[in-house]
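Student: Hi! I have a new structure open and could use some company while I look at it. Can you walk me through it?

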Amino acid sequence: MGMWLYPTIFICVILCLIGYYLTVRVGHKIEHSGEERDSEVPDKIVEHPFLLNPIVLSYAVFLAFTGIIIFYYWARGY
């Protein structure tokens, strides 16, 4: 097993837990409101549509993690 197995598993578990929490939170919000329609988009998201997008955040975490791996191997001289 490589040395990156456990950090990769850790990052994947964290991303899955965050996704699950956000999904459950939205489900509870719909249950309590009694409406099944989408709510209005908050002003923060309208002003910064990419900043709070979970797909973009997942790519950012992936790119940061990949960058760390590349830098590690570059610094060791492989």
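**A first look**

Tutor: Happy to! This is a predicted model, and its chain has an average pLDDT of 80, with 85% of the residues scoring at least 70.

Student: Where in the chain is confidence lowest, and where is it highest?

Tutor: Helix α2, residues 43-47, is the low point with a mean of 77. The high point is α3, at 85.

Student: How many helices and strands does the chain have?

Tutor: There are three helices and zero strands. Reading from the N terminus, the order of elements is α-α-α.

Student: Let's stay with α3. What should its length be, and what is it in the model?

Tutor: Helix α3 covers residues 54-76, which is 23 residues. At 1.5 Å a residue it should span 33 Å, and the C-alpha atoms at its ends are 33 Å apart, so the two values agree.

Student: Nice. What comes just after α3?

Tutor: Gly-77 does, and this glycine takes a positive phi of about 90°.

Student: New topic: cysteines. How many disulfides are there?

Tutor: The count is zero. For Cys-12, the nearest cysteine sulfur belongs to Cys-16 and lies 6.5 Å away. A disulfide needs the two sulfur atoms within 2.5 Å, so this pair does not qualify. Looking from the other side, Cys-16 is in no disulfide either, with the sulfur of Cys-12 as its nearest at 6.5 Å.

Student: And is Cys-16 buried or exposed?

Tutor: Cys-16 counts as exposed, because its relative accessibility is 57% and the cut-off for exposed is over 50%. Cys-12 has a relative accessible area of 42%, so Cys-12 is partly exposed.

Student: What about the chain as a whole, how much of it is buried?

Tutor: Of its 78 residues, 3% count as buried. The accessible surface of the chain is about 7400 Å², and carbon and sulfur atoms account for 70% of that.

Student: Which residues form a nonpolar patch on the surface?

Tutor: The patch is made of Leu-5, Tyr-6, Ile-9, Phe-10, Val-13, Ile-14, Leu-17, Ile-18, Tyr-21 and Leu-22. Together they have about 970 Å² of accessible area.

Student: Let me pick Ile-9 from that list. Where is it?

Tutor: Ile-9 sits in helix α1, which runs over residues 5-33. This isoleucine is partly exposed, because its relative accessible area is 42%.

Technical notes
Residues numbered from 1 in each chain as written. Predicted model: local features only at pLDDT ≥ 70, side-chain atom pairs only at ≥ 80, totals over all residues. Heavy atoms only, no water. Helix = DSSP H or I, 4+ residues; strand = E, 2+ residues; numbered from the N terminus. Expected span 1.5 Å × (residues − 1). Buried < 20%, exposed > 50% of the residue type's maximum accessible area, 1.4 Å probe, protein only. pLDDT = per-residue confidence, 0-100. Areas by Shrake-Rupley, 256 points an atom, 1.4 Å probe, with all protein chains shown as cover. Patch = residues over 30% accessible without salt bridge, like charges linked within 9 Å, V, L, I, M, F, W, Y side chains within 5 Å. Salt bridge = Lys/Arg side-chain N within 4 Å of Asp/Glu carboxyl O.
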